Each structure stands twice: as structure tokens, then as C-alpha cells.
Amino acid sequence: MNNLSRRGFIEKGTIATAALGAFSNTLIAGNEMKSTVKVGIVGTGNRGTSHLTNLLTIPGAEIVAVCDLDRSKTEHAAGLCEKAGRSRPKIWCKDETTFREMLNEEKLDCVIIATYWDSHTPIASHAMKNGIYPGIEVPAALTVDHTWQLIEMSEKTGIPCMMLENWSFRQDNLALLNMKRLGMFGEIVHCHCAHSHDCIDHWFFDQKTGEQKWPAAYLLKYNRDQYPTHSVGPIISWMDINRGDIFTEIYSTASASKGINAYFKRKFGNDHPNANLNYQQGDIVTSVLKTKMGKTLVINYDLQLPRPYSNRWLLQGTLGVYDEEKGSLYLEDKSPEYHQWETWKPYEQKYNHKWWNADLSAQSHGGTDVVMLTQFIDAVKSKGPTPIDVYDSAVMTAIVELSGVSIEKNAPVPFPDFTKGKWETNKPYFAIDMV
Ligand SMILES: NC(=O)c1ccc[n+]([C@@H]2O[C@H](COP(=O)([O-])OP(=O)(O)OC[C@H]3O[C@@H](n4cnc5c(N)ncnc54)[C@H](O)[C@@H]3O)[C@@H](O)[C@H]2O)c1
């Protein structure tokens with residue numbers, strides 16, 4: 001897998017030279033592939049620990065430093081490294097600004113940032129200032145202002161900045177990207193996606209006590225698409241966003257907020273302190289985005305109602321349609337029966353992306369996280385561009401604040417051009433494989 005992904009980097013690098021003006025020559029020309037890189041992790045909670053466990057399986061990724069507000073979490077992380085037969089990483093644990101000391105003093109090549117949402121941009125900016133590649137958990141920023149800060153710092157320092165949007169690396173989504181690039185769906189006209197995932201019973205609140213965890217504060221304060229990146233991640237490549245097309249506006253609307261109160265009353269009774277709070281966050285947010293070339297996209301935020309997990313990805317073009325939830329597709333003049341669905345799985349195998357050449361199903365998120373981290377680490381080893389660049393990270397991230405503004409105004413709001421016009425000439429870049 002590693003050799004293949006390196007080959008992938010070389011192909012990507014060639015395209016990236018044309019596509020990424022800001023990083024092209026300094027980073028790609030004459031780059032030597034390091035065999036090992038020094039990795040730091042800020043935030044060793046749930047997600048940071050999962051990244052650490054995956055990094056321990058990736059050759060050449062040396063975890064040398066870990067930082068958290070909670071010493072027991074850093075100790076646990078360091079213990080996992082030792083248990084895997086690696087050196088014990090240095091622990092940085094004092095307060096919420098200790099990451100600065102770690103980034104100043106450790107000679108890191110990259111840092112994984114898996115902290116609370118509001119600290120992602122300051123940590124990533126400080127990393128870039130120190131010449132360290134940031135791999136930032138989702139969303140990379142909470143405001144459009146912070147998004148621009150990441151872009152400006154990345155352009156100024158020449159250090160690529162990647163949001164770790166794992167669903168862009170899923171096997172089905174990458175196979176679909178191959179098919180889209182082969183023209184099998186014709187011209188893409190419309191997409192739909194959702195993050196339908198009941199997170200009230202484990203991520204926002206403690207499962208046993210119902211106590212608020214840190215993300216719950218956002219449900220009390222904001223009404224917006226709080227978590228758009230998992231759903232929109234793969235879509236931006238299917239729609240050629242930042243590379244031949246661009247979002248021009250977003251119009252969002254939210255349903256009433258019923259799910260959280262109903263959950264607390266059902267599970268903990270009417271007297272639980274969280275049962276009667278006034279949550280600002282509507283249960284379902286629907287955003288409609290338009291592109292310069294006339295495509296449309298619908299995104300649903302759906303994290304507060306009881307339901308099975310789904311992303312409801314759908315792609316529709318002049319020659320066919322793919323429906324992830326149905327596990328089906330229809331291709332005009334190719335599908336065996338006119339206007340009848342056929343099964344997706346054989347296509348996933350036939351158009352399998354080169355990054356998925358091993359059975360990774362036992363790994364976290366079905367292997368997707370390892371595929372993503374391997375590509376990120378390979379980029380760091382080569383001092384080359386990251387598979388997801390700062391502009392694509394910005395587009396996914398900006399939806400958080402913009403959807404809130406649109407809901408409040410009850411009107412469409414313009415979508416910034418983070419590429420500053422380069423989208424017109426940028427060539428496809430992410431996960432180049434069959435085309
Ligand atoms: N991609 C995915 O599938 C996925 C899944 C879960 C969470 N996430 C993302 O991962 C991030 C972390 O979420 P989590 O569920 O792991 O939360 P968590 O609460 O389990 O972990 C966050 C950790 O960050 C630490 N922290 C916060 N601020 C810090 C600072 N300034 N310096 C050092 N440490 C700091 C906290 O002490 C905590 O241990 C979030 O951005 C979340 O959206 C992504």
C-alpha cells in the first residue's frame with residue numbers, strides 16, 4: 001500500500017505543480033522522500049487517540065510528542081506508544097496554550113490537531129509558523145475569518161494545511177470519483193448529502209448521566225450546520241469545486257428544535273436539567289448551494305433525532321445517477337434495464353481506487369482513517385502538497401458559519417472564492433487515479 005500511495009503522490013505532484021500556484025516549485029521540485037517523520041498530537045481524547053493508534057501502524061510515522069489539557073489522556077497516549085514497542089513520546093500538559101511550547105521546541109514535521117473546535121485554527125496557524133504541517137480535525141475553523149487566516153498563513157509560509165476529512169477517502173466515494181472522472185455520469189448537475197447521525201446520546205452529552213460535553217455548548221448557542229464536512233467532503237471533488245467550478249451562494253433553513261428536549265424527557269425524565277433548556281439548534285438544517293457553472297447541492301445536518309446512520313450521498317448527471325443509501329446506480333445506455341436501478345458493489349470493485357489495495361476493514365472507520373493518514377504522512381515525508389489542500393478545507397469549513405448567517409437572515413448569502421480566481425484554471429487534483 002505504501003509503494004502504491006507513493007506512486008500516487010508522484011502523479012498527484014505532477015498535477016499539483018500546475019494546480020497549486022502557491023506551493024508548486026518550493027515544495028515539489030527536488031523533494032526527497034524522508035523515510036521517517038516526527039509527529040506531534042495535540043488533543044489525545046477520543047479522536048486523537050484513534051489517530052495515534054492508526055499512526056502506530058504507518059511505517060515512518062514517529063510519534064514524539066503529545067499534548068492535552070488532561071494529563072491522564074497524555075499518559076494513556078504515551079502508554080499506547082510504549083505498548084506498541086515505540087519510544088515514549090514527550091508529554092506536554094499544562095494549560096490551553098502549552099501547544100505553543102510544544103510546537104516551538106519539538107522539531108516536528110507535522111502535528112495532528114484533535115482538540116475542541118475553537119482551538120483548531122490557532123494551533124494550526126502556530127504550527128505553520130514553525131514550518132510544521134497541520135492535519136486538522138473537522139471542522140478546520142469555526143468562522144470564515146479563521147478560514148481565511150489558515151489560507152493566508154499557508155500561503156505566507158508555504159506549508160500545506162489539511163483538514164482530516166476522512167469520508168473523502170472512503171472506498172465507495174473514491175471509486176465513484178474514478179467513475180465520474182471517466183465521464184460515466186456525463187455532466188454533473190446535482191448532488192445531495194447528509195450527516196444523519198444521532199449524536200445526542202453519546203457525543204454531545206454523556207450517555208449515562210446526560211451531562212453536557214464540550215460540543216453541547218454549541219447546540220445552546222447556535223442554529224446552523226454544525227458538522228457539514230463529512231457529508232460534503234467527497235462531493236467537492238465530484239462537483240469539481242475549486243477546480244473548474246465554485247460555490248457562489250448558500251441558502252439554509254432549519255426546522256424547529258424538538259429532538260434534544262424529547263430525548264432528555266424520554267431517557268432521563270422531565271426534571272433532568274437538560275430536559276427543558278432552550279436549544280437554539282434546529283434538528284434538521286437544509287442548505288442549498290449553487291455553483292458558478294449551474295450545479296446545485298443540498299446538504300442536511302441531522303444529528304439530533306433517533307435514526308440509523310446515513311450520509312445519503314447522491315450524484316446526478318446527464319448520463320446517470322448514483323444513490324449511496326439505495327446502494328444503487330443507473331447509467332443511461334449501460335445499465336441492463338431501462339430506467340431501473342442496478343447494484344453498486346460490482347462497480348466499487350471494478351473502479352476500485354489504488355489507495356484501497358488491501359483489506360483494511362478491521363481498522364477504524366473501515367480503514368478509511370488509515371488510508372487518509374497514510375496519504376497525509378506521505379505528503380509530509382515528501383514535503384509535498386497534502387491530498388486535501390487548504391482551499392478545499394476552507395470550502396468545507398465555511399459552511400458552518402455561512403449556514404448560520406443564512407438561517408438568521410432567511411436569505412441566501414454569497415459564498416467566498418477562497419481560491420481568489422484560481423478555480424478557473426486549477427486542474428483536478430485530489431486522489432488522481434484512473435484518469
Ligand atoms: N473525523 C471523525 O470521524 C471524527 C470523529 C469524532 C470527532 N472528530 C473531531 O475530533 C475533534 C475532537 O473530538 P473528540 O470527540 O476527540 O473530543 P474529546 O473531548 O474526546 O477530545 C478532545 C481533547 O482535546 C483536548 N484539548 C482541548 N483543547 C486543548 C488545547 N488547547 N490543548 C491541548 N489539548 C486540548 C481535551 O482535553 C480533550 O482531551 C473534534 O474536532 C471533532 O469534531 C472527528
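**Domains.** I started with the split: the chain of this predicted model divides into domain 1 (2-167) and domain 2 (168-355 + 388-424). I then took the C-alpha centres of the two domains, which sit 25 Å apart.

**Where they touch.** I looked up the contacts next and found 25 residues of domain 1 against 27 residues of domain 2. On the domain 1 side, the elements that give two or more residues are helix 1 (2-19), helix 7 and strand 6 (162-163). Helix 7 has the largest share there, five residues. I sorted that side by residue class and got 17 nonpolar, seven polar and one charged.

**Helix 7 and its partner.** Since helix 7 kept my attention, I checked how it packs on helix 6. The axes of helix 6 (residues 120-129) and helix 7 (residues 144-157) come within 9 Å and cross at roughly 5 degrees. That angle is under 35 degrees, so I call the two helices roughly parallel. From helix 6, I noted Thr121, Ala124, Ser125, Met128 and Lys129; they meet His146, Gln149, Leu150, Met153, Ser154 and Thr157 of helix 7. The residues of this contact come out as four nonpolar, six polar and one charged.

**Whole chain.** Zooming out, I counted 15 helices and 15 strands. The radius of gyration is 21 Å and the globule rule gives 22 Å for 435 residues, so I put the chain down as being as compact as a globular protein of that length. Its C-alpha atoms fill a box of roughly 65 × 60 × 40 Å along the principal axes. Buried residues make up 49% of the 435. Last, I looked at contacts with a separation of 6 or more: 75% of them join residues 24 or more positions apart.

Conventions. Residues numbered from 1 in each chain as written. Predicted model: local features only at pLDDT ≥ 70, side-chain atom pairs only at ≥ 80, totals over all residues. Axes fitted to C-alpha atoms, helices over the stretch in contact; angles between N-to-C directions. Helix = DSSP H or I, 4+ residues; strand = E, 2+ residues; numbered from the N terminus. Parallel < 35°, antiparallel > 145°, perpendicular 65-115°, else oblique. Contact = placed C-beta atoms within 7 Å. Nonpolar A, V, L, I, M, F, W, Y, C, P; charged D, E, K, R; others polar. Rg over C-alpha atoms; globule rule 2.2 N^0.38 Å. Buried ≥ 20, exposed ≤ 12 C-beta atoms within 10 Å, placed from the backbone. Domains from an automatic or database assignment.
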